Amino acid sequence: QLSGFLRCRLFEHYCLYCSQKWSLIPIGLVLGFYVDVVVKRWWNQFLHIPWPDEIAMLLSTYVIDDSTRTKRKLNTVLRYINLSYILSMRRISSRVKKRYPLDQNLGADGIATPNELKRLQSSAPKNKQYWYAIPIFWASHLVSELRSLGIIISDHGVEAILKRLQVFRSSLARLNIYNMINFPLGFTQVATLTTYSYYISSIFGWQFLDVKQNYDHRKVDLYVPVIGILRLIFYSGWLKVAEALINPFGEDVDDFEIDEYIKRNLQLSSFIIEKLHDEAPPLCDGVILAEAPEIRVGTRNERLRHSVCIPVAHRLSAKGANLFFGTYTDIVKQI
């Protein structure tokens, strides 16, 4: 059996070995690459979340009729868009899945009628879900109908609205692709293994050693390795950040609140059509629209032979005008 003194020396030599070799663990490279990939994936998913605001604004802009029947059709177009949004997010987000577990819940909230739900269910292949983008095609046909009736004022308006509908559908498709292609498990395993290996080697490498042994770089040792503890906090913090962002469509506090986005989209769509459509404040004689007197001041630069005319609300004095145009002329000279 080894004596206590010899075991203490062996432990100290093992700690010295860990302190010399922990730099070989590429924690900065591995953890930095892992966090960078996760954050980029998280940000790209957020950027691809579609919003119906532009479609609602285009409908309100290019539709000249404000009758009740027309507003009902516009609300139907936006309802189809939000329905497609919910059907797509129900596959991705667990929050939406809990809020709308069945198609009947969509009918209870007034997002889809029983006839529309039957059409969706009848369009699905056997033992498969129906396509989430079908309501967007319904919205496209309704936009074409509004143009044929002359409610949408131009073909350019129809083109702009249909382009935004396609962008909306493409964004939903990209989110579904992100959901189908999971983040590689090997990345997470390598980053986790590297981080915890660094933790274990650091625990031994930062141990308090006997200063009487005169080890290299251990003339002064600390009971509490403050810098080492800060390193562990930073590295573990980055690892936890990546683990929290790897699935942003869950139910954690830091995940995307898709259910709140749905509520916001429904409220805003109704508000734009019901409150903002074909309504604008009357024009008034403000500073921009008022007819202001004009002064003509010749520039001092001989190369500028024309006089400059500036509309102003208050007349400038001749001295003030000369000072102003003198500054402008100096700039022209420098050019």
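This is a guided tour of three helix pairs, one buried residue and some aromatic rings, to be followed in the viewer. The structure is a predicted model, and residues are numbered from 1 along each chain.

**Stop one: helices α2 and α11**

Two packed helices are described by the angle between their axes and the distance between the axes, and each helix stop on this tour begins with such values. Select residues 27–47, which form helix α2, together with residues 226–245, which form helix α11; their axes are 9 Å apart and the packing angle is about 30°. Because angles under 35 degrees count as roughly parallel, α2 and α11 are roughly parallel to each other. Looking along the pair, you can follow α2 as it passes α11 in a left-handed crossing. Now show the side chains of the contact, which on the α2 side are I27, L31, Y34, V35, V38, V39 and W42, and on the α11 side Y235, W238, L239, A242 and L245. If you colour these contact residues of α2 and α11 by type, you will find 12 nonpolar, no polar and no charged.

**Stop two: Y198, across from I27**

Keep I27 on display and add Y198, a residue that has its place in helix α10 (residues 185–205). Although Y198 and I27 are 171 residues apart in sequence, they are 7.2 Å apart in space, C-alpha to C-alpha. Is Y198 buried or exposed? With a relative accessible area of 4%, Y198 is buried.

**Stop three: helices α3 and α9**

Next select helix α3 (residues 53–62) and helix α9 (residues 155–180), whose axes come within 10 Å and cross at roughly 170°. That angle makes α3 roughly antiparallel to α9, and the crossing in which α3 passes α9 is left-handed. To see the contact, show E54, I55, L58, L59 and Y62 of α3, and then H156, G157, A160, I161, R164, L165 and F168 of α9. The contact residues of α3 and α9 divide into eight nonpolar, two polar and two charged.

**Stop four: helices α7 and α8**

Move on to helix α7 (residues 114–122) and helix α8 (residues 134–148), where the axes come within 11 Å and the crossing angle is roughly 120°. At this angle, α7 and α8 are oblique to each other, and their crossing is right-handed. The residues to show here are E116, R119 and L120 of α7, which make the contact with I134, P135 and W138 of α8. In this contact of α7 with α8 there are four nonpolar residues, no polar ones and two charged ones.

**Stop five: aromatic rings**

Finally, display the aromatic side chains, among which the structure holds 15 aromatic pairs. Begin with W131 and Y132, whose ring centres are 6.3 Å apart and whose planes stand at 65°, so that this pair is edge-to-face. Within the pair, W131 is partly exposed, with a relative accessible area of 41%, whereas Y132 is buried at 7%.

Then select F183 and F187, where the ring centres are 5.6 Å apart and the planes stand at 75°, so this pair is edge-to-face. F183 counts as buried at 13% relative accessibility, while F187 is partly exposed, with a relative accessible area of 34%.

To finish, return to W42, which you met in the contact of α2 with α11, and add W43, F46, F249 and F256, since W42 and these four residues form one aromatic cluster.

Key: This is a predicted model: local features need pLDDT of at least 70, side-chain atom pairs count only at pLDDT 80 or more; totals for chains, interfaces and linings use all residues. Side-chain values use heavy atoms; hydrogens and water are left out. Rings of Phe, Tyr and Trp (its six-membered ring) pair if their centres lie within 6.5 Å; planes under 30 degrees apart count as stacked, over 60 as edge-to-face and the rest as tilted. Buried means under 20% relative accessible area, exposed over 50%, partly exposed in between (1.4 Å probe, protein chains only). Axes are lines fitted to C-alpha atoms, for helices over the stretch in contact, and angles run from 0 to 180 degrees between N-to-C directions. Helices (H or I, at least four residues) and strands (E, at least two) are DSSP runs, numbered from the N terminus. Angles under 35 degrees count as roughly parallel, over 145 as roughly antiparallel, 65 to 115 as roughly perpendicular and the rest as oblique. A crossing is left-handed if the near helix is turned anticlockwise from the far one by less than a right angle, and right-handed if clockwise. Contact means heavy atoms within 4.5 Å. Ala, Val, Leu, Ile, Met, Phe, Trp, Tyr, Cys and Pro count as nonpolar, Asp, Glu, Lys and Arg as charged, and the others, Gly among them, as polar.
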